[in-house]
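Subject: Handing over the structure, with notes on ligands and cavities

Dear colleague,

I am passing this structure on to you, and I would be grateful if you could open it before you read the notes underneath.

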Amino acid sequence: MPATTDDRALVVRGACPHDCPDTCATLTTVRDGRAILFQADPEHPITQGWLCAKVRPYLDRVYHPDRLLYPLRRVGPKGSGQWERISWDEAIAEITSRWKAIIAEYGAAAILPYSYSGTLGLVQNSVTATRLWYRMGASGLERSICGAAAETAIQMTYGARWAPAMADVEHSKLILIWGHNPASTSPHFMPFLRRAQRKGTRVVVIDPRRTRTARSADLHLRPRPATDGALALGMMHVIFRDGLHDEAWLEAHTVGWRDLRDRVAEYPPERVAAITGLPAEQIIELARDFATTKPAMLKFSDGVQRHGNGGQTSRALACLPAVAGQVGLRGGGLFYSTSDYVSWDGEAVSHASECPPVPRIVNMNRLGAALQGEVTDPPIMALYVFCANPAASTPDRGAILAGLQREDLFTVVHELFMTDTAQYADIVLPATSQLEHVDLHKGYGHRFLQYNHAAIPPLGEAKSDWDVMRLLAAAMGYDEPWLKQSADEVIAEILDATRARNPWLEGITLERLQREGTVPIGAEVANLVPFADGRFPTPSGKLELRCDALAAEGLDPLPDWTPPAEFADRAWDDPSDRRLVLISGAAHHFVSSSLANVPKLAALEGTPYVEINPEDAAARGIADGDDVVVENARGWCRLRAVVTDDVPPGVAVSPKGFWGIHSPEGRNINNTTSAALADLAGQSTFHSNLVEIRPAATAASDATVHPAAAPAGES
Ligand SMILES: Nc1nc2c(c(=O)[nH]1)N[C@H]1C(S)=C(S)[C@@H](COP(=O)(O)OP(=O)(O)OC[C@H]3O[C@@H](n4cnc5c(=O)[nH]c(N)nc54)[C@H](O)[C@@H]3O)O[C@H]1N2
Ligand SMILES: Nc1nc2c(c(=O)[nH]1)N[C@H]1C(S)=C(S)[C@@H](COP(=O)(O)OP(=O)(O)OC[C@H]3O[C@@H](n4cnc5c(=O)[nH]c(N)nc54)[C@H](O)[C@@H]3O)O[C@H]1N2
Ligand code: SF4
Ligand SMILES: [Mo]
């Protein structure tokens, strides 16, 4: 409940909506309908009274002078930036009459909704991604841009994504932070890690780049990109070879440990050293340490699996703590995500059983190709984008922009700002910020639910996603009651349905959430060490080192390692092979492309840049601060060179998130990234990106080696 501080000011409880495991609890002070202070909840056990650097200036985003305040209709050519203001009535009438005509001619499958993680709210993200579109029979979207391979691998191996409590890291004696940069991407984990370090926990960071997280580690290992699967298999080789595994536990609680032992026999340290570039002795030592130090934890997130072999990499990482005897120990085991402590009831979210079957599913990573003819029968004739900025954040940006310029494509974008994507729309609809709508959030790095009250009225004529969808549904003539509910009615329905089969939600009602703001998921969960009872919610009831469900899909039931097709032929030992693997992970001051238009944050992140090792820079005649062109057969962009040994030779790093329209020549790093899919779950492969880099002053030469763009599904 909003609490009164003085006669005129209110403090309103909310939740940070961004795609971040910390899901902070916020307090907004409102006076005369205007938010005047945006702060962290000092009582929240994870937020602990502080917000990250990127969200601290949140009111600059909410009251940004560029906020879209009215519906707009395109009047010039696509992308020309010529608009006229229209009313909501006109906008809804035009959208639905265009949709009805498309449905009559092509069927509803010709309409594609595209959304991802602008907000992670249950209502404004999950419900809006399903109900209206299922009712309509529109194309489905495979939401695999972020962590689909790891999510699937962990569900297949453990049965659920249940991570330890952040505070339990203080019980760890050793933690491997593997291809993950929490100092930027889960900052509220860091105080727990620091306390653990002061108590003697050793921290090993495994990342080709010297990240903010790596700087404070006891040991930083820098394997070549996309060789982590081999490293984990090699560590398991050593653990089995040296008899450091717990055979009785493996026998009782896992499926296929002997098959896995046979598989990892193929990964002796010398072979793994040749693959990863790490010394064999270091691999052996790390393996022994991880198996003999109890408890020890392995924490990873999604960055490391955005490669062609991301599925198998995640499977290997998931198996390692089990083989090392760390699963079920407080302070040990796997820390990936807490998402499955509460999985919202799918039927209550979507009402799928009352709708026609989804006619087909389009992989979001293939958006550019899909708009340009990869998807036919029917072709995509209408696109509705919300909570996403694909023209900045989705791979193979050149193809997406070409697709968005199709004259016969009807595009609607619901946004807070005129983004790279919105500028190509036919109709732009103004969206509310988190301060202007109601929602329910759960963290994916912690075990709390958070209710978000609307703190202020919508700016201008902005509307929330769910409010717009209710208007669209009515204008389409859909009469179902679940397309008419208020946001709170939606939340209550989903809570009730989920509680009926998840005892951890007992006593958690809409009213309690509204009153308390932050509510821990069940008392039992608060202190739970995942899998301590040795039981796993998999088909076998055991931890599946060998996963027969994968075999049933024609996939390898055991983890293995193959290089991504994109750079399978890169000769790491041959100095004449000058191609660089470009990794584009999280920017410290943005969340994907969100927040990148807040001037304070853009200034902190600086000119769009690429980090390159001094050796690689010298070989190309590049000095620190030079303008360079980053290019391959898919496209190019222009960036500022940062010459640094934070990146090893053969690797370059440029953060995701810069908007094309704010960048030199309107291009960002996704002009070079590949839309090829990984080995599992249709996963994106942003970091399997082979590029050349040259001073911007020089023309592309014939000597520039362009990698062939790998076809979908083969990376
Ligand atoms: N500040 C900030 N926070 C964010 C985000 C953001 O954009 N900015 N994005 C949010 C989102 S959407 C997500 S999914 C999470 C992601 O959270 P993280 O996974 O922690 O972040 P990333 O930077 O994507 O990737 C982590 C690290 O993986 C490394 N990496 C890449 N390839 C390899 C490899 O082959 N091997 C190894 N060992 N390491 C590799 C990168 O160098 C990078 O440092 O963060 C969320 N939080
Ligand atoms: N090169 C490279 N690119 C990457 C990645 C990478 O590692 N490398 N990582 C990828 C990852 S992990 C992810 S998760 C994706 C994220 O990709 P997207 O989900 O497209 O995320 P953003 O780019 O932040 O765009 C979100 C948009 O939603 C808008 N928005 C916010 N709240 C609302 C709302 O309530 N309603 C509506 N209608 N709009 C709202 C914001 O203003 C913003 O423009 O990016 C991917 N892009
Ligand atoms: S982005 Fe993450 S750390 Fe920052 S305020 Fe939001 S939830 Fe907290
Ligand atoms: Mo993500």
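The notes that follow take up the two ligands, then the cavities, and then a few points of the backbone.

Please keep in mind that this is a predicted model, in which local features need pLDDT of at least 70 and side-chain atom pairs count only at pLDDT 80 or more, while totals for chains, interfaces and linings use all residues. Residues are numbered from 1 along each chain as its sequence is written, chains are lettered from A and ligands numbered from 1 in the order in which they are written, and side-chain values use heavy atoms, with hydrogens and water left out.

Ligand 1

Around ligand 1 there are 33 residues, of which H180, D207, A226, D228 and F590 come nearest; a residue counts as near a molecule if one of its heavy atoms lies within 4 Å of it. As for polar contacts (pairs of N or O atoms within 3.5 Å), a backbone N or O atom of G179 lies 3.3 Å from an oxygen atom of ligand 1, and a backbone N or O atom of I206 lies 3.1 Å from a nitrogen atom of the ligand. K656 takes part through its side chain, with a polar atom 3.4 Å from a nitrogen atom of ligand 1. On its own, ligand 1 has 910 Å² of accessible area, and the protein covers 98% of this, as computed by the Shrake-Rupley method with a 1.4 Å probe.

The shell around ligand 1 has twelve nonpolar, 13 polar and eight charged residues, where Ala, Val, Leu, Ile, Met, Phe, Trp, Tyr, Cys and Pro count as nonpolar, Asp, Glu, Lys and Arg as charged, and the others, Gly among them, as polar. Domain 3 (164-336) and domain 4 (565-705) each give at least three residues to this shell, with domain bounds that come from an automatic or database domain assignment.

Ligand 2

There are 33 residues around ligand 2, and S393, E415, D465, S593 and S594 come nearest. A polar side-chain atom of R61 lies 3.2 Å from an oxygen atom of ligand 2, whereas S117 and C387 approach through the backbone: an N or O atom of S117 lies 2.9 Å from an oxygen atom of the ligand, and one of C387 lies 3.2 Å from a nitrogen atom. The protein covers 97% of the 920 Å² of accessible area that ligand 2 has on its own. Its shell divides into eleven nonpolar, 16 polar and six charged residues, and at least three residues come from each of domain 2 (72-146 + 342-524) and domain 4 (565-705).

Cavities

The structure holds five cavities of 30 Å³ or more, a cavity being a set of points, on a 1 Å grid over the protein atoms alone, where a 1.4 Å probe fits but cannot get out, with lining residues that have an atom within 4 Å of a point. The largest has a volume of about 90 Å³, that is, the space filled by probe spheres set on the points. It is lined by 13 residues, and C16, C20, C24, C52 and V55 are the closest to its centre; by class, the lining has eight nonpolar, three polar and two charged residues.

The second largest cavity holds about 70 Å³ of space, and of its 14 lining residues G14, T26, T28, L435 and N452 are the closest to its centre. Because domain 1 (3-62) and domain 2 (72-146 + 342-524) both give residues to its lining, the second largest cavity lies between them.

Backbone

Most residues other than glycine have a negative phi, and most peptide bonds are trans. Here the peptide bond from K294 to P295 is cis, with omega near -5 degrees, and another cis peptide bond joins D377 and P378, with omega about 0 degrees. A226, one of the residues that come nearest to ligand 1, has a positive phi near 65 degrees.

With best wishes

Methods
A polar contact is a pair of N or O atoms within 3.5 Å; within protein, one must be able to donate a hydrogen and the other to accept it, and residues adjacent in sequence count only if both atoms are side-chain atoms. On a 1 Å grid over the protein atoms alone, a cavity is a set of points where a 1.4 Å probe fits but cannot get out, and a pocket is an open set with protein on both sides within 12 Å along at least five of seven lines; lining residues have an atom within 4 Å of a point.
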